[in-house]
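Visitor: Please show me the model, and then take my questions about its strands and helices.

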Amino acid sequence: MERLTLNFLTMTATVMMFAGCQSTDTGKGREKVGEANVPVLTAAASDPRVMGWMQGFPPAEDKTLSSSDGSYFTFPALRYSVNHMREFFPTRDVPASDDFRYAVEVDMDHGIENIAFLPWGSDKAMTLRQSLDTNYVDGLIILHKGKIVYETYAGGLTPDGLHAAMSVSKSFTGTLGAILVAEGVIDPEENVIHYVPELAGSAFGDATVRQVMDMTTALQYSEDYSDPHAEIWAYAASGNVFRGADYKGPRNYYEYLKTVKKMAGAEHGEAFGYRTVNTELLAWIISRATGKNIAELVSERLWKPLGAHHNGYYQLGTSGITFAGGGFNLNLRDMAMFGEMLRCNGRLGGKQIIPEKAVEDIRTGGSHPESQARFARGGYDRLKGWSYRNMWWITNNAHGAFMARGVYGQTIYIDPAAEMVIARFASNYLASNTYNDPFSLPAYEAVAEYLMGKDKR
């Protein structure tokens with residue numbers, strides 16, 4: 001396989017395919033770094049401003065990053081690239097409103113960064129502040145009852161900057177799907193081929209839209225990046241804008257979807273399986289049902305009504321297809337307020353932005369025991385009791401928390417009971433949230449308890 005294809009995967013697939021729990025990181029990633037005697041730079045030492053990437057006229061050769069050779073997305077260079085994706089790939093804007101912006105009050109509580117919690121598998125407490133550097137956090141916002149109570153930036157991110165959301169993008173696609181279901185534009189129980197008849201001969205030929213939205217399709221499709229024969233490589237190559245002239249495979253994501261085969265002996269709807277091709281298919285269904293691309297719809301149905309302060313953008317694959325599974329780049333405050341809108345059942349600033357029915361289905365549609373059983377069959381041992389609905393991760397914990405997740409630490413965490421929203425961008429040197437979760441999920445829960453306790457005082 002061409003090195004170019006492998007490098008492309010580093011961006012479009014490896015980087016953005018996962019929600020972060022089940023990846024090809026085997027738990028030995030840190031050992032491998034040590035075995036190779038490659039020192040892992042700390043968050044401070046790997047700060048892109050310290051590293052000096054892409055600085056100068058022109059930049060020095062050893063400080064120049066490129067998408068064509070994959071250098072832009074190897075650590076520590078990725079800490080620069082996550083804030084500058086459109087310097088490396090074609091993109092499509094997600095315009096915000098020209099005449100309306102949300103208002104948000106800031107009431108900083110600096111005591112939040114001193115909240116202590118016990119990381120999973122550890123007997124040594126850590127503060128929230130310490131966890132930020134451990135997870136290479138670029139920016140974190142905590143909202144409580146609609147007010148910003150904590151906000152911090154590091155690395156190359158600024159308050160006005162845009163950052164790659166990775167697989168958090170999937171939850172934006174899923175939210176659009178939930179909106180269209182609530183409005184009756186899409187029937188979730190209809191077969192996929194009702195909307196995309198071209199897929200009749202593929203694995204999706206007998207799948208329902210709901211099974212795609214909840215990722216319970218039974219596909220012969222692996223995202224194991226350690227396997228050079230895994231289907232993910234063919235999927236990545238199909239959208240590779242830098243592939244060679246001798247490439248003979250599917251010419252774009254949609255053509256690739258026609259080649260996906262069903263897993264032998266399995267049926268759709270039996271088990272959760274996190275596969276980005278489901279998101280690309282949902283985006284295709286949405287575009288067929290509305291006649292609009294995903295970037296246009298996010299702008300029209302979410303960004304402008306929300307009053308987002310900054311235009312976002314999506315990365316594009318071949319044929320100008322929006323990379324719905326991981327290509328959204330946006331501002332941290334805007335992402336936090338999107339989460340706040342969902343916490344408030346689709347309302348923000350006194351107006352209903354998306355149907356309350358859509359939010360309710362995201363929050364509670366996966367609470368049925370069978371949904372949890374399907375999720376458990378997916379092998380997520382550390383996320384016991386969780387489920388997946390409309391491309392959102394549902395914790396089913398006592399607070400009813402649900403979240404969007406992306407590799408390298410991208411997060412929207414919504415805790416209705418604590419009236420709390422956390423938005424985070426990060427650029428960890430390890431992709432899988434398997435490594436972030438022990439220092440993140442217990443921290444979020446500790447912050448929620450702190451804020452609820454503060455309300456009682």
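The questions below go from strands to helices and then to single residues.

Visitor: What kind of model is this, and what pLDDT do local features need?

Guide: Residues are numbered from 1 along each chain as its sequence is written, and side-chain values use heavy atoms, with hydrogens and water left out. This is a predicted model, in which totals for chains, interfaces and linings use all residues, side-chain atom pairs count only at pLDDT 80 or more, and local features need pLDDT of at least 70.

Visitor: Which strands are the edges of the open sheet S1-S9-S10-S6?

Guide: Helices (H or I, at least four residues) and strands (E, at least two) are DSSP runs, numbered from the N terminus. Two strands pair if DSSP finds at least two bridges between them. The 4 strands of this open sheet pair in the antiparallel sense. Pairing on one side only marks the edge strands: S1 (91–94) and S6 (163–164).

Visitor: Which residue of S9 is the bridge partner of Asp-93?

Guide: S1 runs antiparallel to S9 (residues 312–315), joined by 4 bridges. In S9, the partner of Asp-93 is Tyr-313.

Visitor: What angle does the direction of helix H12 make with that of S1?

Guide: Axes are lines fitted to C-alpha atoms, for helices over the stretch in contact, and angles run from 0 to 180 degrees between N-to-C directions. H12 (residues 294–306) packs on the sheet and touches S1, S9 and S10 (328–330). Its direction makes with that of S1 an angle of about 15°.

Visitor: Is strand S4 largely enclosed or open?

Guide: Buried means under 20% relative accessible area, exposed over 50%, partly exposed in between (1.4 Å probe, protein chains only). S4 covers residues 137–144, and 8 of the 8 are buried, so the rest of the structure leaves S4 largely enclosed.

Visitor: Which residue takes a positive phi in the hairpin of S4 and S5?

Guide: S4 pairs with S17 (residues 420–426) over 7 antiparallel bridges. With S5 (residues 147–153), S4 forms 6 bridges, also antiparallel. The hairpin of S4 and S5 has 2 residues between the strands, and the positive phi, near 55°, belongs to Lys-145.

Visitor: Is the crossing of H6 and H12 left-handed or right-handed?

Guide: H6 (residues 168–182) and H12 pack with axes 11 Å apart, at about 65°. That makes the two helices roughly perpendicular (65 to 115 degrees; under 35 is roughly parallel, over 145 roughly antiparallel, the rest oblique). A crossing is left-handed if the near helix is turned anticlockwise from the far one by less than a right angle, and right-handed if clockwise. Here the crossing is left-handed.

Visitor: How are H6 and H11 oriented to each other?

Guide: The axes of H6 and H11 (residues 276–290) come within 10 Å and cross at roughly 40°. The two helices are therefore oblique.

Visitor: Which side chain makes a polar contact with the side chain of Ser-46?

Guide: Ser-46 lies in the loop between H2 (29–35) and H3 (48–51). Ser-46 is buried, at 0% relative accessible area. A polar contact is a pair of N or O atoms within 3.5 Å; within protein, one must be able to donate a hydrogen and the other to accept it, and residues adjacent in sequence count only if both atoms are side-chain atoms. At 3.0 Å, the partner is Arg-79.

Visitor: Which side chain makes a polar contact with that of Arg-343?

Guide: Arg-343 sits in H13 (residues 332–343). Arg-343 is buried, with a relative accessible area of 12%. At 2.8 Å, its side-chain partner is Glu-340.

Conventions
Contact means heavy atoms within 4.5 Å.
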